[in-house]
Amino acid sequence: MAAIIRPFAAALLLVGAAATAQGTAAPALFVAELVAPAPEARFIAGGLMWRCEGTRCLAPRTNARPLRVCSDLRREAGAVASFASGEQALAEDQLARCNG
């Protein structure tokens, strides 16, 4: 299992570094802040591999609708305080639907 996760972690770091190096490119990540610390450091929710440290969680961004991804994350990890797809954060009403 660790042999699978390590390449994924390296890919996340490369994606983040590439987005930072480009400056104007939006990060290719879903970023969530949970209300409480994640139950596990790594888990799959909605078909995405999430990596969490405390309450901050990251997953590679896909073309899935952010509200759906947020809801899938909430079902696996608990209430979501904030959620963004790249630089686009969910509005308060969308976040309420995510947590609903």
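**Figure 1. Close-up of Cys70 and Cys98, both buried.** Buried here means under 20% relative accessible area, exposed means over 50%, and partly exposed is anything in between, using a 1.4 Å probe and protein chains only. The model is predicted: local features need pLDDT of at least 70, side-chain atom pairs count only at pLDDT 80 or more, and totals for chains, interfaces and linings use all residues. Residues are numbered from 1 along each chain as its sequence is written, while side-chain values use heavy atoms, leaving out hydrogens and water. Look at the two sulfur atoms: Cys70 and Cys98 form a disulfide with their sulfurs 2.0 Å apart, a disulfide being a pair of cysteine sulfur atoms within 2.5 Å. The torsion about this S-S bond is about -85°, so the disulfide of Cys70 and Cys98 is left-handed. Cys70 sits in helix α2 (residues 66-77) and Cys98 in helix α3 (residues 92-99), so the bond ties together parts that are 28 residues apart in sequence. Helices (H or I, at least four residues) and strands (E, at least two) are DSSP runs, numbered from the N terminus.

**Figure 2. Close-up of the disulfide that joins Cys52 to Cys57.** The S to S distance in this pair is 2.1 Å. If you like to check dihedrals, the torsion about the S-S bond of Cys52 and Cys57 is about 115°, so this disulfide is right-handed. Cys52 counts as buried at 9% relative accessibility, and Cys57 is buried too, at 0%. The disulfide count comes to two. Numbering the bonded cysteines along the chain gives the pattern 1-2, 3-4.

**Figure 3. A network of salt bridges links Arg68, Asp72 and Arg75.** A salt bridge is a side-chain nitrogen of Lys or Arg within 4 Å of a carboxyl oxygen of Asp or Glu. In general terms, side chains of opposite charge can pair when their charged atoms come close. The structure holds two salt bridges. One is formed by the side chains of Arg68 and Asp72, at 3.9 Å from N to O; the other brings Asp72 together with Arg75, at 2.4 Å from N to O. Along helix α2, Arg68 and Asp72 are four residues apart, about one turn of the helix, and Asp72 and Arg75 are three residues apart, again separated by about one helical turn. Which of these residues are buried and which exposed? Asp72 is buried at 13% relative accessibility, whereas Arg68 is exposed at 53% and Arg75 is exposed at 51%.

**Figure 4. Strand β1 (residues 29-34) and its partner strands β4 and β5.** Two strands pair if DSSP finds at least two bridges between them. Strand β1 is mostly covered, with five of its six residues buried. Five bridges join β1 to β4 (residues 56-60) in the antiparallel sense, and five bridges, also antiparallel, join β1 to β5 (residues 80-85). Glu33 makes a handy landmark: Arg56 in β4 stands opposite this residue, and so does Ser82 in β5.

**Figure 5. The open sheet of six strands, with an edge at β2 and another at β6.** Strands of a sheet pair through backbone hydrogen bonds, either parallel or antiparallel. Here the pairing is antiparallel and the order is β2-β3-β4-β1-β5-β6. The edge strands β2 (42-45) and β6 (88-89) have a single partner each, so one side of each is left without a neighbour in the sheet. β2 runs antiparallel to β3 (residues 48-53), and the two are joined by four bridges. Within this pair, Ile44 stands opposite Met49 in β3. Helix α2 packs on the sheet and touches β1, β2, β3 and β5, where contact means heavy atoms within 4.5 Å. The direction of α2 makes about 140° with that of β5; axes are lines fitted to C-alpha atoms, for helices over the stretch in contact, and angles run from 0 to 180 degrees between N-to-C directions.

**Figure 6. The protein chain, with three helices and six strands.** Stepping back from the details, the elements follow the pattern α-β-β-β-β-α-β-β-α along the sequence. Of the 100 residues, 33% count as buried. Among contacts with a separation of 6 or more, residues 24 or more positions apart account for 58%. The chain exposes about 6100 Å², of which carbon and sulfur atoms supply 56%. Accessible areas come from the Shrake-Rupley method with a 1.4 Å probe, and for residues only the protein chains shown count as cover.
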